[in-house]
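Here are some exercises to work through with the structure open beside you. Try each task yourself before reading its solution.

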Amino acid sequence: MLDKTFAPAEAEARLYKTWEESGAFAADPTSDATPFTVMIPPPNVTGSLHMGHALTFTVQDSLIRYRRMTGRDALWQPGTDHAGIATQMVVERLLATEGKTRKEMGREAFLDRVWQWKGESGGNITRQLRRLGASLDWPRERFTMDAGLTRAVRRIFVMLHAKGLIYRDRRLVNWDPKFQSAISDLEVESKEMDGSLWHLRYPIAGQDGRFITVATTRPETLPGDVAVAVNPEDERYQDLIGKFAILPLVGRLIPIVADEHSDPTKGTGAVKITPAHDFNDFAVGQRHSLPMPSILDRQAAFTLTEIADELRAVPGVAEPSFLQALAGEDRFKLRAAIVAELERLDLLDKVEKHRNQVPHGDRSGVPIEPLLTTQWFCDAATLAKPAVEAVEQGRTVFVPKQWENTFFAWMRDIEPWCISRQLWWGHRIPAWYGPDGVVFVAEDEAGAAAQALAHYGEAQPLAQDDDVLDTWFSSGLWPFSTLGWPDQTPELPRYYPTDVLVTAHDIIFFWVARMMMMGLFAMDDVPFKTIYIHGLVRDERGQKMSKSKGNVIDPLELIDQYGTDALRFTICALTGPGRDVKLGPAVVESYRSFVTKLWNAARFLEMNEVKPVADFDPASVKLPLSRWILDTANTAIAEATTAFESYRLDDYASAGYRFTWNSFCDWFIEFAKPVFAQGDTPEAAEVRAVAAHVLGIILKLLHPAMPYVTEVLWGEFGFGAEGTLIKANWPEAVAVPEAAAARAELDWVVGLITEVRAVRSEMRVAPSVLAPILLKDASAEELGRAARWIDPIRRMGRASEVSPLAGEVPKGSAQAILGSVTIAIPLADLIDLSAERARLEKERAKALDEAQKVRSKLSNESFVARAKPEVVQENRDRLAAFEAEAARLEAALIRLG
RNA sequence: GGGCGCAUAGCUCAGCGGUAGAGCACCACCUUGACACGGUGGGGGUCACAGGUUCAAUCCCUGUUGCGCCCA
């Protein structure tokens, strides 16, 4: 016997274990079934489950469970990525509490410590995914730092290098002074800040008393200036182009150059050029073959190393000792000191308030410093071409399609990808340097040594590159490295290309772009056929969830409170295409009601001895009720299936919800109650068998979204052992004999009950008062229906009797119109005649109003001539129906007196 | 500045060339044989604005306004 209420916590723990231990989540490479593969976009190993994860993994799990039920060999590949910077940060913070630092420990000891941490805490998110009910193939779990995946990384690196698609270069990179590492463009976020625009006066060489005033937001980079640029069209500065300015504080002469980069409408129209510390200036420097001295070091502190020889004393403009004294100062102190000194020298013209975009490291939170360093780069532009083509040709399809524009925009304009990171935790770059700096790229040291031997003619000591690769480099290989590549495993051709990647649009540049490039390069085929982009999670008010706003909702708390099924169903119901998901406890609570509703319906059926009938054949049922609910179930199956096929989880959820609640519970069960009460009649036996069959369909339909409660009921009713619903077949529609007739009959009965209820409710007749229902002008067929459904009509329509009305409608009856039938409910002493009159008049007005609308449409000659004939006919029918209804209401009013 | 998206009931959102929908919230009634996490009924909308196409526009097109996001 089912408990009074469903207890999610207990069921969830038990069932997940059952599924996992029975191998229900496992893919089977040896099966004949068509594979269906979803690669989990691996969460950071440092991560813990947040609502965004809950959303994306619920979607993925629902898709996987659906496909598994349709008979596909489903592989949902789990794992985590090693999250270079994030993990190194976590462990360094841990070390700090012990009073240790990474540098003291040394690289090897530190890495041992990271692995130790990973062993202890790295499984956090994968444990939490289990609580979501995620049916991942756990024995296949991978980690981007696994030996196999590491081998894949090295192999790809060597392959790309051999083709010239990986190379070393000295370029400006986004440098994070806190981590002291390069980071990618995507890890930089612009923040609008209150800053200043300093107007600095640079003396013109040889023209005493003349200055050119440059406007800058970064006065501290002045020692690295190599030119002043003005727009070639700017008339104010024509005579200065080609002349030299004296760089204040430094004393060096710098040319005044003409360059489009300078915008005459901004500031003074003259800008200082510091190629080593600004991306735009770098480009100007290249165009004009300017030197590129760096004046900030890796900690973003002032260094004179590259400009020491150029300091010159110029009276009133530059005094070498000033800058020399500032060596080692950080960039913020440097700025203050330089501005103060310029002011003292009367070289500061003015300071304006200025809002500007300042790049910040998204993890460190500190301003990024463009820095000129030698790094490893990947030729993303070349790799992006086949990826763009694949999407253009439809070999990979975005759902919804519009996201391909975002993808194209990024991929067609992609910059060289800086793949080296000055970290310790990650895949160390497989490059070794000889004593003279010659580089040997190989999968291992032995390979490099062999190359070195060939190059030098004798053994030479080699030193491996200290840097590691960007985490995304290894994540980009995930769709094939997890399947064993570069080994030719049975899994590789079977599960690659994968079927669908599920993610949010903010990851298109990361996941999608990287995996497409790497997949096409290594496998010569796309990594996924479909990319399903869902919305982002927001709070109930539509705000982005963030720790600083304090509006973060912990999915595990929602699960504790309402159960996993309620959370999952809510997510499915709200995940429309191209819409963000606004989620809070209230909406989860309301969908928990649905879980409870299903539970209670099942409990009622159980109490009425409904159980699955082994050889039940839906095509053999005789009763209209049976035929009707089976037919309605067919529709629900079709809707749910179509919704899944088009990634419309909201439609899927609503189809399941409506069928279960509004068809099965609201009408079928209510109609079945009197039948059940008959005891052991053949009719009761049929309705019980049908009830069980349809409950089975419901459990199957809802299982992808609500795996636990459906699985419990599946077991309780004996559809199969508990834990086997996950492997059950997705329901299919079966032909129902004479479905149309059953639909017509049930629709009529439902209509009758609804009309009666509405009239009684509006007339404020208490449900405890039973009254006769009299049918005027009913056909023989309709009277037959009324007779067959007498019990439910009595029960649900609070009727003492239902009978045909031969003569006049009794005085004081409430009346309603159902098609050609006038329903009369004699309530002489109970109703307020004026209220009844008002009600009927309102109804009549509504009918007349509708009729008039249709009539005017039909009187439009162009409409009749040009509209589709069936539309015209439809409107003629509607007009007739409204007119008839109005006439019957009119008659009812007259009878009322 | 460029691009994308959104604007429909109090709220959250479906929808779609011809009849405007759901859930929640609201109001009224109801402990009717599972379910008050329930049942029944009800109120509530110039479908942002202005043009255009069409026999017909909430839907298609153009523009405007407002909001959101991404990129520079």
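**Exercise 1.** Which residue just after H17 takes a positive phi?

Solution. Keep in mind that you're looking at a predicted model. Start by finding helix H17, which covers residues 508-523. Then step just past the end of H17: Asp524 is the residue you want, with a positive phi of about 60°. While you're there, check how covered the helix is. Of the 16 residues in H17, 14 are buried, so the helix is mostly covered.

**Exercise 2.** Work out how the rings of Tyr66 and Trp730 are arranged, and which parts of the chain they tie together.

Solution. First, the distance: the ring centres of Tyr66 and Trp730 lie 4.8 Å apart. That passes the pairing test, because centres have to lie within 6.5 Å. Next, the angle: the two planes stand at 85°, so this pair is edge-to-face. The cut-off used here is over 60 degrees. Now place the partners. Tyr66 belongs to helix H2 (residues 51-69), while Trp730 sits in the loop between helix H24 (707-716) and helix H25 (739-762). The pair therefore ties together parts that are 664 residues apart in sequence. Finally, look at the surroundings: Tyr66 and Trp730 are both buried.

For the wider picture, the model has 39 aromatic pairs by this rule. There's also an aromatic cluster formed by Phe569, Tyr591, Phe594, Tyr657 and Trp661.

**Exercise 3.** Find the rings that Lys118 and Arg201 lie over.

Solution. Take Lys118 to begin with: it lies over the face of Phe143, 4.2 Å from the ring centre. Then go to Arg201, whose charged end sits over the ring of Phe211, at 4.2 Å from its centre.

**Exercise 4.** Describe the protein surface near RNA strand B: which residues come nearest, and which helix gives the most?

Solution. Begin with the residues. There are 41 around RNA strand B, and Arg579, Thr596, Trp661, Arg795 and Arg866 come nearest. Sort the surface by class and you get 20 charged, 12 nonpolar and nine polar residues.

Then turn to the helices. Those that each supply at least two residues include helix H22 (649-677) and helix H30 (869-896). H20 gives the most, with nine residues.

Now switch to the RNA side. Among the atoms of RNA strand B within 4 Å of the protein, 63% are from sugar or phosphate, and the rest are from bases.

Last, zoom in on some side chains. Thr596 has a polar side-chain atom 2.3 Å from a base oxygen of RNA strand B. The side chain of Glu874 has an N or O atom 3.1 Å from a base oxygen. For Arg764, an N or O atom in the side chain is 3.0 Å from a sugar or linking oxygen.

**Exercise 5.** Are His53 and Gly679 buried or partly exposed?

Solution. Look up His53 in helix H2. Its relative accessible area is 12%, so His53 is buried; the cut-off is under 20%. Beyond its neighbours within four places in sequence, His53 is in contact with Pro43, Ser48, Thr58, Ile125 and Leu132.

Gly679 is in the loop between H22 and helix H23 (682-702). With a relative accessible area of 24%, Gly679 is partly exposed. Leaving out residues up to four places away in sequence, Gly679 touches Ala684 and Arg688. Gly679 is also 10.0 Å from Glu609, C-alpha to C-alpha, with their positions 70 residues apart in sequence.

Technical notes:
Residues are numbered from 1 along each chain as its sequence is written. Chains are lettered from A and ligands numbered from 1 in the order in which they are written. This is a predicted model: local features need pLDDT of at least 70, side-chain atom pairs count only at pLDDT 80 or more; totals for chains, interfaces and linings use all residues. Side-chain values use heavy atoms; hydrogens and water are left out. Rings of Phe, Tyr and Trp (its six-membered ring) pair if their centres lie within 6.5 Å; planes under 30 degrees apart count as stacked, over 60 as edge-to-face and the rest as tilted. Helices (H or I, at least four residues) and strands (E, at least two) are DSSP runs, numbered from the N terminus. Buried means under 20% relative accessible area, exposed over 50%, partly exposed in between (1.4 Å probe, protein chains only). A charge sits over a ring if NZ of Lys or CZ of Arg is within 6 Å of the ring centre and within 35 degrees of the ring normal. A residue is near a molecule or strand if one of its heavy atoms lies within 4 Å of it. A polar contact is a pair of N or O atoms within 3.5 Å; within protein, one must be able to donate a hydrogen and the other to accept it, and residues adjacent in sequence count only if both atoms are side-chain atoms. Ala, Val, Leu, Ile, Met, Phe, Trp, Tyr, Cys and Pro count as nonpolar, Asp, Glu, Lys and Arg as charged, and the others, Gly among them, as polar. Contact means heavy atoms within 4.5 Å.
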